Amino acid sequence: MILMNDFKADPEDLKLAQIRAAERVIRSGWYILGNELKAFEERWAARCGTPHCLGVGNGMDAIEIGLRASGIGPGDEVITTPMTAFASVLAVIRAGATPILADIDPATGLLDPESVRRCLTPRTKGVLLVHLYGQVRNMDAWKTLCAEAGIGLFEDCAQAHLAAWKGRPAGSHGAWGAYSFYPTKNLGTLGDGGALVTTDPELAAIASRLRNYGQSKRYYHSDLGLNSRLDEIHAAILSARLEWLDGYTARRRQVADAYRLGIRNAKVTLLAAPVEPGNHVYHLFPVLCDRREDLMAHLKARDVESLIHYPVPVHMQEPCRAIGRAPGGLPRAERHAQVCLSLPCHPQLSDEDVARVVEAVNAF
Ligand SMILES: *Cc1c(COP(=O)(O)O)cnc(C)c1O
């Protein structure tokens, strides 16, 4: 089976580097908020082009902490997309704010600026942009829209490690960027992990308190925070895996390029290509197909796994029926959810695997 993710196929060198990292932490006797975290935060901040990085428990907490550090809470509206991981919207709710869902651009699956404009109200405090599938797009337009509306620009970068717009990495364009290091992400640890990156030193200081029970100095609490810290063992593992990330990202782009060149089937539509190669890190490679379930079964019969990202847009999830949305509804997100299907796209795929996926799609 050609799998959606294949961690067992990681190179032996990388496995050994992670074992050494874990051993270093075990022998150090220091497990939370120590030197491994500091070292990883410095490395990741450098890669994100931001002076500050705070390691936190997971990607969802990174979004909540970012919003709260931006002073967003009850009564405030944050516009975001229904075509995302549930965590994006749940984090807005956890921060006490009100999510408002705008529709997507069907060519990319990303939030549509025109729909976002129609969602603006006097209570709007920001846009949570999700770099879905690994693609950063139209950042100049987003910056202009948010500046004109006088609202914050926040980036959910959970799928977009090392993606950049005009050379500027994801997470460095607005008030902050939230990363997830869940195992399947482009940079992932052996459990849960996340980070908040920002250029704003004050925001970084607030976030640093919020992740640690709102503690300003030992046993003094200035805020009602969370327990959400990136453990030393995860920081050490992430520092090791970071050494492989450039190579892994290049391989994801090769796989995607091969799919773009090779897939020729009138029943299967590809999403729009990035403006520049550097915009996209191909966390996922979805195609669109009206007979999606048939295509999925056809691929499975040819030993190719596929997954749907995402089958249910957030506003159609049971506890989210009452969430506010763009005037006229979210028809494009609903259609996307019915026709999208992600093909295997990860660095451990061989050229032969890629050719087999292309052949299987073309034979549908
Ligand atoms: C994975 C993901 C998250 C949540 O990250 P966790 O680390 O699982 O909390 C948020 N947003 C997007 C777009 C994601 O893909």
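A residue is taken to be near the ligand if one of its heavy atoms lies within 4 Å of it. In this predicted model, 14 residues surround the ligand, and Gly 59, Asp 156, Gln 159, Ser 180 and Lys 185 are the closest of them. Sorted by class, this shell comprises 7 polar, 5 nonpolar and 2 charged residues. Two helices deserve a look here: α3 (59-69) and α4 (86-94) each contribute at least two residues to the shell.

Several side chains bring polar atoms to the ligand. For Lys 185, a polar side-chain atom is found 2.6 Å from a ligand oxygen atom. Gln 159 also faces an oxygen atom of the ligand, with an N or O atom of its side chain at 2.8 Å. Ser 88 is paired with a nitrogen atom instead: a polar atom of the Ser 88 side chain lies 3.4 Å from that ligand nitrogen. The ligand taken alone would expose 380 Å², of which the protein buries 89%. As for the site itself, the space that the ligand takes is the largest pocket.

Stepping back to the whole protein, the secondary structure amounts to 15 strands and 11 helices. The radius of gyration is 20 Å, close to the 21 Å given by the globule rule for 364 residues, so the protein is as compact as a globular protein of that length. The C-alpha trace spans about 65 × 55 × 40 Å along its principal axes.

Technical notes
Residues numbered from 1 in each chain as written. Predicted model: local features only at pLDDT ≥ 70, side-chain atom pairs only at ≥ 80, totals over all residues. Heavy atoms only, no water. Polar contact = N/O pair within 3.5 Å; in protein donor to acceptor, adjacent residues only side chain to side chain. Areas by Shrake-Rupley, 256 points an atom, 1.4 Å probe, with all protein chains shown as cover. 1 Å grid on protein atoms, 1.4 Å probe; cavity = no way out; pocket = protein on both sides within 12 Å on 5 of 7 lines; lining within 4 Å. Sits in = over half its atoms within 2 Å of the grid points. Helix = DSSP H or I, 4+ residues; strand = E, 2+ residues; numbered from the N terminus. Nonpolar A, V, L, I, M, F, W, Y, C, P; charged D, E, K, R; others polar. Rg over C-alpha atoms; globule rule 2.2 N^0.38 Å.
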